[in-house]
Amino acid sequence: MAKSSRYVPPPSTGWRKLPIGAVIPWPGNSEEYKTGSWRTLRPVIDQERCIRCAICWMYCPDAAIIELKQEYTTKAGRKYDKTYVVNYDYCKGCGICANECPVKAIKMEPEVK
Ligand code: SF4
Ligand code: SF4
């Protein structure tokens, strides 16, 4: 996303080199902060168990659950027209999605670097 023409970078001496905190210098700037590196546990969605209720999508505080218009058929033959996946660039591993999933389709697994 292009930076706003109103954005004024901080002066380049001493403490002024620090980035500005608690402000939004231009719309959508949080897209640039890849917070996935904070994670120690990663949510893994079991597509066979998931019933596509969208609760994880609604509860994720980082909007890291993505709804894809992608069909999925379970081994038992149940068809869905959408699939939920995790965007690991932004998922911080808080576990809220796993806690809220009504069918326990999300497991938090150790992050392996
Ligand atoms: S672990 Fe937290 S940040 Fe990651 S997808 Fe689940 S709710 Fe979102
Ligand atoms: S909350 Fe669970 S069942 Fe619902 S969409 Fe998310 S993973 Fe699937």
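The following exercises, each with a worked solution, concern a predicted model.

Residues are numbered from 1 along each chain as its sequence is written, while chains are lettered from A and ligands numbered from 1 in the order in which they are written. Because the model is predicted, local features need pLDDT of at least 70 and side-chain atom pairs count only at pLDDT 80 or more, whereas totals for chains, interfaces and linings use all residues.

**Exercise 1. Overall architecture**

Determine which secondary structure elements the chain holds and in what order they run.

Solution. Helices (H or I, at least four residues) and strands (E, at least two) are taken as DSSP runs and numbered from the N terminus. On this basis the chain has two helices and six strands. Read from the N terminus, their order is β-α-β-β-β-β-α-β. Next, contacts are considered, two residues being in contact if their C-beta atoms, placed from the backbone, lie within 7 Å. Among the contacts with a separation of 6 or more, 68% join residues 24 or more positions apart.

**Exercise 2. Burial and the nonpolar core**

State what percentage of the chain is buried, and identify the residues of the largest nonpolar core.

Solution. A residue is buried if 20 or more other C-beta atoms lie within 10 Å of its own, exposed if 12 or fewer, and partly exposed in between, with C-beta atoms placed from the backbone. Of the 113 residues in the chain, 12% are buried. A nonpolar core is a set of buried Ala, Val, Leu, Ile, Met, Phe, Trp, Tyr and Cys residues joined through C-beta atoms within 7 Å. The largest such core has twelve residues: Cys56, Cys60, Ala64, Ile65, Tyr84, Val86, Tyr90, Cys91, Cys97, Cys101, Ala105 and Ile106. For Val86, neighbours within four places in sequence are set aside; the contacts are then with Pro43, Ile45, Ala64, Ile65 and Cys91.

**Exercise 3. The two ligand shells**

Describe the surroundings of ligand 1 and of ligand 2 by residue and by class.

Solution. A residue is near a molecule if its C-beta atom, placed from the backbone, lies within 6 Å of it. Ligand 1 has 13 residues around it, the closest being Cys60, Cys91, Cys94, Ile96 and Cys97. Ligand 2 is likewise surrounded by 13 residues, of which Cys50, Cys53, Ile55, Cys56 and Cys101 come nearest. For the classes, Ala, Val, Leu, Ile, Met, Phe, Trp, Tyr, Cys and Pro count as nonpolar, Asp, Glu, Lys and Arg as charged, and the others, Gly among them, as polar. The shell of ligand 1 divides into nine nonpolar, two polar and two charged residues. That of ligand 2 has twelve nonpolar, no polar and one charged.

**Exercise 4. Positive phi before helix 1**

Examine Arg52 and Ala54: is each buried, partly exposed or exposed?

Solution. Arg52 is in the loop between strand 1 and helix 1 (55-59), and Ala54 lies in that loop too. Neither is a glycine, yet phi is positive, about 60 degrees for Arg52 and near 75 degrees for Ala54. Arg52 is partly exposed because it has 16 other C-beta atoms within 10 Å. Ala54 has 12 and is therefore exposed.

**Exercise 5. Val103 and its distant partners**

Locate Val103 and find which residues it touches beyond four places in sequence.

Solution. Val103 lies in the loop between helix 2 (96-100) and strand 6 (106-110). Val103 counts as exposed because it has 11 C-beta neighbours inside 10 Å. Its contacts are Arg49 and Ile51. Ile51 is 52 residues from Val103 in sequence but 7.7 Å away in space, C-alpha to C-alpha.
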